[in-house]
Amino acid sequence: MESSLFVLYLFFLARVYTSAFDDGVNSDHPSELSTCTEIPTEENAEVSTQTLKSSYTKGDSLVFNCQPGYVGRVSFICDGYNWKKTRNAKCSRKRCALPEDIPNGRFILVNGTEFVYGTTIKYICNKGYQMASFIDNRTCLAAGWNNHLPLCEEITCSPPVAKENIIVDGLPDNDDLLRYGHQLQFTCKSGFKLVGQKDITCGENGVWNHPSPICEGFRA
């Protein structure tokens, strides 16, 4: 009787062992894979060195710091087999403040649709003004907008050189500038005829649209 009980006991142990073995073989995550191996990658981010280890097991975490120009915080946790992102986070482009306006000018977007990291704007002068600065663009960087605000200066033309026997109307009585769009009219003194345009206008590039005329005497 005792021997029969002993045989049944051995049979029970054998069944338990076999069942446990089968569970380990057929499991989706065998016990020998209960670690997270390959470190995940995250766009525009790098793994924090403080969370780097030689191996990772269930409950271990990885923290990603965003690269310069990006903001946010991303973390993963090992579930024993795979890395899982702890929340739906990502590294987004850092925003810059609203660009400043300039007197007698405006800006346009060169690339992008928002004022975020990498966006470039260009300044354009209003009609009657021209760019006085060497650099007319600014780009949103990690620390904010680069370059200084450009300057638009008023377009002016130089007074025409005084010529003999010619009369010029439209010159200012004082030292006022001859601005864009200003017109001068020319006539000749008695006994002379006008050769050239009788009206000239200060143009957008700061140059008169025609050369100044001259006055020639009548031939006998």
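**Exercise 1. Find which residues Thr51 touches, leaving out those up to four places away in sequence.**

Step 1: place the residue. Thr51 sits in the loop between strand 2 (45-47) and strand 3 (56-57); strands here are DSSP runs of E with at least two residues, and helices are runs of H or I with at least four, numbered from the N terminus.

Step 2: list the partners. Thr51 touches Tyr56, Ser61, Leu62 and Val63, where contact means heavy atoms within 4.5 Å.

Step 3: check its cover. With a relative accessible area of 16%, Thr51 is buried. The cut-offs are under 20% for buried, over 50% for exposed, and partly exposed in between, with a 1.4 Å probe and protein chains only.

Before going on, a word on the model: it is predicted, so local features need pLDDT of at least 70 and side-chain atom pairs count only at pLDDT 80 or more, while totals for chains, interfaces and linings use all residues. Residues are numbered from 1 along each chain as its sequence is written, and side-chain values use heavy atoms, with hydrogens and water left out.

**Exercise 2. Work out which residues have the most contacts inside the largest nonpolar core.**

Step 1: fix the term. A nonpolar core is a set of buried Ala, Val, Leu, Ile, Met, Phe, Trp, Tyr and Cys residues joined through side-chain atoms within 4.5 Å.

Step 2: read off the core. It has 13 residues, and the best-connected ones are Leu62, Phe64, Val74, Phe76, Trp83 and Cys91. Strand 4 (61-66) and strand 6 (73-78) each supply at least two residues of this core.

Step 3: zoom in on Phe76. Setting aside neighbours within four places in sequence, its contacts include Pro40, Leu62, Phe64, Trp83 and Lys85.

Step 4: look elsewhere. Apart from this core lies another, of 10 residues, including Leu184, Phe186, Trp208 and Cys215.

**Exercise 3. Trace the aromatic cluster that holds Phe107.**

Step 1: name the members. Phe107, Phe115, Tyr123 and Trp145 form one aromatic cluster. Rings of Phe, Tyr and Trp (its six-membered ring) pair if their centres lie within 6.5 Å; planes under 30 degrees apart are stacked, over 60 edge-to-face, and the rest tilted.

Step 2: take the pairs. Phe107 and Phe115 are edge-to-face, 6.1 Å centre to centre with 75° between the planes. Phe115 and Trp145 have ring centres 6.2 Å apart and planes at 65°, so they are edge-to-face too.

Step 3: see what gets linked. Phe115 lies in the loop between strand 9 (105-111) and strand 10 (120-125), while Trp145 is in strand 13 (residues 144-145), 30 residues apart.

Step 4: compare the cover. Phe107 is partly exposed at 22% relative accessible area, whereas Phe115 is buried at 18%.

**Exercise 4. Give the strand order in the open sheet of 4 strands.**

Step 1: the order is 9-10-12-13, with antiparallel pairing; two strands pair if DSSP finds at least two bridges between them.

Step 2: strand 9 and strand 13 are the edges, each pairing on one side only.

Step 3: strand 10 and strand 12 (residues 137-141) pair over 3 bridges. Lys122 stands opposite Asn137 in strand 12.

**Exercise 5. Decide where the pLDDT is below 50.**

Step 1: start with the whole protein. Mean pLDDT (the predictor's confidence in each residue, from 0 to 100) is 85, and 84% of the residues reach 70 or more.

Step 2: pick out the weak stretches. Residues 5-14 fall below 50, with 0 contacts beyond near neighbours in sequence. Residues 16-32 are also below 50, with 4 such contacts.

Step 3: draw the lesson. Where pLDDT is low, predicted coordinates should not be read in detail.
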